[in-house]
Amino acid sequence: MTSIIIVLYALCINLTNHLRLDQNAFFFTYMGVAAGLVFANLGASYGTAKAGVGIASLGVIDSSKIFKSLIPVIFSGILGIYGVIVAVLLNAKAKDTKNMSDGYKFFGAGLCCGLSALASGLAIGVAGDAGVRAYAQTDAIFVGMILIMIFAEAIGLYGMIVAIIMLSS
């Protein structure tokens, strides 16, 4: 992790020497890009892994329900896409960084999306694991499991929306 920060800082120094701008502002901008992508992918991977354990358990009990039980894994994967979207938008706006307040704003936008997706991934993983295991026992829980997944996914979506609003202001 330290080597990534050093490389990002070196890239910022080279860019700012060429443009004669404040190098710390670019550092925070690109840290926002990294934070948005890394934290969103951490949430996506945790949700996928945790729900995958539940799916494996379900497969032992009733293998005919495996396909319908992939929904928590799909929802978790969408969180990674949120991080990619915000990282691309932040990277496109990086050239507009003029001062430290822009750098802080972009850093905050990346953290907003990334940490929201991380929290969402934790919720999807835990609820998805429990929901899939319950679905192995009874079909009646399926709709409730889907509703819980939708509300857990909404946390990550809200973070992405707020990050986009921060970028456009």
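Which residues are buried in H5? In this predicted model, local features need pLDDT of at least 70 and side-chain atom pairs count only at pLDDT 80 or more, while totals for chains, interfaces and linings use all residues. Residues are numbered from 1 along each chain as its sequence is written, and side-chain values use heavy atoms, with hydrogens and water left out.

**Helix H5**
- The buried residues of H5 (under 20% relative accessible area, 1.4 Å probe, protein chains only) are Phe142, Met145, Ile146, Met149, Ala152, Glu153, Ala154, Gly156, Gly159, Met160, Ala163 and Leu167.
- H5 (a DSSP run of H or I, at least four residues, numbered from the N terminus) covers residues 142-168 and reaches 39 Å from first to last C-alpha, close to the 39 Å expected at 1.5 Å a residue (1.5 Å times one less than its number of residues).
- Its buried residues are covered by elements including H3 (71-93) and H4 (100-137).

**Helix H3**
- H3 has 23 residues and reaches 34 Å between its first and last C-alpha, close to the expected 33 Å.
- The buried residues of H3, among them Phe75, Leu79 and Val86, pack against H2 (23-61), H4 and H5.

**Ser120 in H4**
- Ser120 belongs to H4 and is buried, with a relative accessible area of 0%.
- Beyond residues up to four places away in sequence, Ser120 touches (heavy atoms within 4.5 Å) Leu79, Ala152, Glu153, Ile155 and Gly156.

**Nonpolar cores**
- The largest nonpolar core (buried Ala, Val, Leu, Ile, Met, Phe, Trp, Tyr and Cys residues joined through side-chain atoms within 4.5 Å) has 22 residues, and those with the most contacts inside it are Leu79, Val86, Leu90, Cys113 and Ile124.
- H2, H3, H4 and H5 each give two or more residues to this core, and the largest share, 6 residues, comes from H3.

Notes
Buried means under 20% relative accessible area, exposed over 50%, partly exposed in between (1.4 Å probe, protein chains only).
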